[in-house]
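Q: I would like a close look at one part of this protein, with the rest of the fold brought in where it helps. Please keep it plain.

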Amino acid sequence: MVGATGAAGGTLLRVLEDRVFPIGDFHALASARSAGSLVRFRDHDVTVGEVSDDILAASDIVFFAAGGATSRRFAPVVAAAGGVAVDKSSAYRMDPAVPLVVPEVNAAALRGHAGIVANPNCVAIPLAVVLGPLHARYGLRHVTVATYQAASGGGRALAAELAAQERDDAYGRPPTRQVYPHVLHGNVVPGGWAMVGDDTEEETKVIGEVRRVLDLPELPIGVTTVRVPVSVGHAAAVWVELDQPADAAEARELLANAPGVLVVDDAATQQYPTPRAVAGCDEVHVGRIRADRSRGNGLALFLAVDNLRKGAATNAVQVAELLLLEG
Ligand SMILES: NC(=O)c1ccc[n+]([C@@H]2O[C@H](COP(=O)([O-])OP(=O)(O)OC[C@H]3O[C@@H](n4cnc5c(N)ncnc54)[C@H](OP(=O)(O)O)[C@@H]3O)[C@@H](O)[C@H]2O)c1
């Protein structure tokens, strides 16, 4: 595992334990900064090593959770040696030669991989899990999304910065910031990502990756990505326009039977998806399913996902499980 000391990598360790993934030899790798530190895995302290071509070339499966530049440098080494790189970064997501896989939606795309498999971004994954069955039943015509994204989605440094700001505010000290352009605690920030023209890079990723996983290259999608002062758990408000009319009760039942989805939907008793409730879960929670009468065949819903589990680690481990199943 490359990036074993990071936010996504730390959760990968837990998910591999939880799912009892079959492992012979295991190497926890990161940069030279963390070499020699320890991570806990299966009741053992494992010493973190510095990523190197030799270890990667001798590995059957390598999980990459260390950023795009590291994946671009090292994933080809794994593939060239006959292993498979399961990549959490954005490096290969839009590469037509590399499958972009959400197992509940497009597991078949994995066949014919050439040693690198990409995983979508932590917003694109839950959207694909929920939009996939809606498209199969009703046909998607248009999608609009507003996100509420947790600090841990920006890595361990932003999660730690938010926690420090919470303490500062609690003790009446002025909160400080280093890794993010605004104080996140007590705030809601529609930015903080690199910009691509007028859109955040995150918005362009969500649009491109959802289209690719659903195999709907022309699907109109409008997205505004927003960071909120939550530690773990991304949420999104989603409005869809469908080819065929969708009754809310029928859509609720369809999603209740969809793989990877847990419907939490009884607003009268205050049951709906929240980041706090979804943290630690592998399913995408969906609720507030109702007609959107502002548009023809419109449906509105709210979803939440643990960005570190299904948004990152769980999807990657599911991909690796499929690789084993396919031999
Ligand atoms: N956080 C999420 O919710 C999430 C969701 C989906 C995808 N991802 C993707 O997962 C990747 C990691 O994100 P993160 O949030 O876990 O970041 P993070 O908390 O900042 O962790 C980064 C990890 O990468 C390692 N690393 C950095 N540069 C390296 C290098 N040159 N060589 C080897 N290892 C290096 C770090 O090791 P050191 O300890 O040595 O610095 C650390 O283990 C990114 O590509 C991100 O897009 C994250």
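Which residue is the bridge partner of R290 in β15?

A: The model is a predicted one, and in it the bridge partner of R290 in β15 is A300. The strands concerned are β14, residues 284–291, and β15, residues 298–305; they run antiparallel and are joined by 5 bridges. In general, strands of a sheet pair through backbone hydrogen bonds, in either a parallel or an antiparallel sense.

This pair belongs to an open sheet of 6 strands with mixed pairing. Read across, the order of the sheet is β11-β8-β12-β15-β14-β13. The two edges are held by β11 (221–224) and β13 (261–263); each has a single partner strand, so one side of each is left without a neighbour in the sheet. From one strand to the next, the twist averages 25°. Helix α7, residues 201–214, packs on the sheet and touches β8 (140–148) and β11. The direction of α7 makes about 145° with that of β11.

On its other side, β15 is paired with β12. Those two strands run antiparallel and share 8 bridges, and within this pairing A235 stands opposite A304 of β15. Strand β12, residues 234–242, is also joined to β8, again antiparallel and by 8 bridges. There T147 has A236 in β12 as its bridge partner.

To place this in the whole chain, the domain assignment gives two domains. Domain 1 covers 7–119 + 312–325, while domain 2 covers 124–150 + 190–225 + 232–307. Their C-alpha centres lie 26 Å apart. The contact between them takes 11 residues from domain 1 and 15 residues from domain 2. On the side of domain 1 that touches domain 2, α4 (103–106) and α10 (309–325) are the elements that give two or more residues. The residues on that side of domain 1 divide into 5 nonpolar, 4 polar and 2 charged.

Other strand pairs can be read in the same way. Strand β5, residues 61–64, and strand β6, residues 84–87, run parallel and are joined by 4 bridges. In this pair, F64 has D87 of β6 as its bridge partner. The chain passes from β5 through α3 to β6, and this β-α-β crossover is right-handed. Strands β2 (residues 38–41) and β3 (residues 44–47) pair in the antiparallel sense over 4 bridges, with F41 opposite H44 in β3. The hairpin of β2 and β3 has 2 residues between the strands, and R42 takes a positive phi near 50° there.

Last comes the ligand. It is surrounded by 31 residues, and the closest are G6, S31, A66, S89 and G155. Elements giving two or more residues to this shell are α1 (7–18), α3 (68–80), α6 (156–170) and α10. Helix α1 supplies the largest share of the shell, 3 residues. By class, the shell has 12 nonpolar, 16 polar and 3 charged residues. Two of these elements have appeared above: α3 lies on the path from β5 to β6, and α10 gives residues to the side of domain 1 that touches domain 2.

Technical notes: Residues are numbered from 1 along each chain as its sequence is written. This is a predicted model: local features need pLDDT of at least 70, side-chain atom pairs count only at pLDDT 80 or more; totals for chains, interfaces and linings use all residues. Domain bounds come from an automatic or database domain assignment. Two residues are in contact if their C-beta atoms, placed from the backbone, lie within 7 Å. Ala, Val, Leu, Ile, Met, Phe, Trp, Tyr, Cys and Pro count as nonpolar, Asp, Glu, Lys and Arg as charged, and the others, Gly among them, as polar. A residue is near a molecule or strand if its C-beta atom, placed from the backbone, lies within 6 Å of it. Two strands pair if DSSP finds at least two bridges between them. Axes are lines fitted to C-alpha atoms, for helices over the stretch in contact, and angles run from 0 to 180 degrees between N-to-C directions. A crossover is right-handed if, with the strands pointing away from the viewer, the path from the first strand over the helix to the second runs clockwise.
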